[in-house]
Amino acid sequence: MERKVMIDQAKVRVLLLENIHPDAVSRLEAAGYQVESVAGALDEAELVERIPGVRLLGIRSKSRVTAKVLAAADSLVAIGAFCIGTDQIDLAGASQAGIAVFNAPFSNTRSVVELALAEIIAMTRRLTEKNNLMHQGIWDKAANGSHEVRGRRLGIVGYGNIGTQLSVLAENLGMRVSFYDTADKLALGNAQRCSTMDELLAGSDVVTLHVDGRPGNAGFFGAEQFAKMRPGTLFLNLSRGIVVDHASLRDALVSGHLAGAAVDVFPTEPKGRGDEFRSELRGLPNVILTPHIGGSTEEAQSDIGDFVATKLVNFVQEGNTTLSVNLPSVALPASTDMSRVIHVHLNMPGVLAQVNSILAEHQVNVEGQLLSTRGEYGYLITDISGSYSDDVLEQLRGMSQTVRLRVLSNE
Ligand SMILES: NC(=O)c1ccc[n+]([C@@H]2O[C@H](COP(=O)([O-])OP(=O)(O)OC[C@H]3O[C@@H](n4cnc5c(N)ncnc54)[C@H](O)[C@@H]3O)[C@@H](O)[C@H]2O)c1
């Protein structure tokens, strides 16, 4: 109940951990916020100590926002995960406290697509082999086994943010594209949808995986799938390490059934930079191995910084929750001559009617209103014109379903 506090546009304190990109700092400072940056991650006890008074917290993958941290966060309205994953945050606890969580689900997708394209061309031309021979002083000038990608068929398994972009760029290179996705997806360009994965596997020169890491996908791609590919197919996995059975992939490569593979993600990956990388795929010809760098470019880091910082600013200034990881998604353009009441509440019947009856009783004129619900929670934005008494806010705050009330006032 102590979370039912009113927040206005007063000075916003921001704590950014883990060397978050300078673009994020500039974006937040440009909004007038007081930003404190910490180079490394903080452990739970350190974060509990630092969090009081902080309105916005920015982290990457190493800082954990636990129930204890949330309990100490007396002023926190939003958390920015300047990365893709949000497993490091107690999302249920954040929702319970009416704290919005944002991440950057798209910022590094282009980087993954470009790496996949580079690898498709490199494997099709057998570039890694030629390069290795040259470094050994061997001039192997020959065309056999080297191909153009133009006219070859790319099979994309998982037609989401990455799969669709790859589809468009691969067609621009002259490739023919097929895709298979468990969800209904719009085919872009001339891409052909396959109704089964088997159909895709049987008809592709290159098969690339871009599925998500849902539990059902663990080990879903193994000996049976490799066997269904045409001899000489190239294979890529830049999605999740757990989805492919690497022992079967090795067998398919060693037997010569697959002509090459590019793998960026592994079932178990070394913890830190410089640690030994162990894999049955090491030492095989025409196999490109990269240390989970599909999304690791300076452009992606900068985009993540700007994307998440902008989400945080929009949330503080307008209450908009578009693409929030945990709260219902609501976006209503803000108007300078109105006050905005943001009501995070338990998703129970009658809340909207109750809010509006409190407003009506106090003769408050509603100019705009938008409600969205998600699971246990509802998020209601109400724009009101003219003056209103503190009693209105007290009554809204006093509703048993209220999780959090914020008022953005331009007065
Ligand atoms: N290598 C890297 O550094 C790197 C960087 C970013 C993302 N990724 C990974 O790339 C993958 C794709 O990312 P995205 O942003 O495109 O995700 P996304 O959620 O937008 O798309 C995933 C698609 O896969 C489909 N799908 C899931 N399971 C499937 C299955 N078994 N068969 C067919 N289709 C299936 C989904 O319906 C969805 O359309 C994710 O696993 C992500 O973690 C890797």
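# A first look at this predicted model

Residues 24 or more positions apart account for 65% of the contacts in the protein chain, counting those with a separation of 6 or more; a contact here means heavy atoms within 4.5 Å. What you're looking at is a predicted model, so local features need pLDDT of at least 70 and side-chain atom pairs count only at pLDDT 80 or more, while totals for chains, interfaces and linings use all residues. Residues are numbered from 1 along each chain as its sequence is written, and side-chain values use heavy atoms, with hydrogens and water left out.

**The chain as a whole**

- You'll find 13 helices and 16 strands in the protein chain; these are DSSP runs numbered from the N terminus, with helices being H or I over at least four residues and strands E over at least two.
- The C-alpha trace spans about 85 × 45 × 35 Å along its principal axes.
- Of the 411 residues, 48% are buried (buried is under 20% relative accessible area, exposed is over 50%, and partly exposed is in between, using a 1.4 Å probe and protein chains only).
- The accessible surface adds up to about 19,300 Å², and carbon and sulfur atoms hold 50% of it; areas come from the Shrake-Rupley method with a 1.4 Å probe, and for residues only the protein chains shown count as cover.

**How confident the prediction is**

- The chain averages a pLDDT of 93, and 97% of the residues score at least 70; pLDDT is the predictor's confidence in each residue, from 0 to 100.
- Residues 1–8 have a pLDDT below 50, and this stretch has 27 contacts in the model beyond near neighbours in sequence.

**Around the ligand**

- There are 28 residues around the ligand, and I162, D181, V211, R240 and D264 come nearest; a residue counts as near if one of its heavy atoms lies within 4 Å.
- Some polar contacts show up too, meaning pairs of N or O atoms within 3.5 Å (within protein, one must be able to donate a hydrogen and the other to accept it, and residues adjacent in sequence count only if both atoms are side-chain atoms).
- The side chain of D181 has an N or O atom 2.6 Å from an oxygen atom of the ligand.
- N161 joins in through its backbone, with an N or O atom 2.9 Å from a ligand oxygen atom.
- For K185, a polar side-chain atom sits 3.1 Å from an oxygen atom of the ligand.
- On its own the ligand exposes 860 Å², and the protein buries 87% of that.

**Helix α11 and what follows**

- Helix α11 takes in 21 residues, 298–318, so at 1.5 Å a residue it should span 30 Å, and its end C-alpha atoms are indeed 30 Å apart; the expected span is 1.5 Å times one less than the number of residues.
- Among the buried residues of α11 are A300, I304, V308, L312 and F315.
- Right after α11, G319 takes a positive phi of about 80 degrees.
- S335 sits in the loop between α11 and β13 (339–346), and S335 is partly exposed at 26% relative accessible area.
- S335 and S385 are 50 residues apart in sequence, yet their C-alpha atoms are 9.9 Å apart in space.

**Two residues in one loop**

- Most residues other than glycine have a negative phi.
- E18, in the loop between β1 (13–16) and α1 (22–30), has a positive phi of about 65 degrees although it is not a glycine.
- N19 is also in the loop between β1 and α1, and N19 has a positive phi of about 55 degrees without being a glycine.
- E18 is buried, at 8% relative accessible area, whereas N19 is exposed, at 56%.
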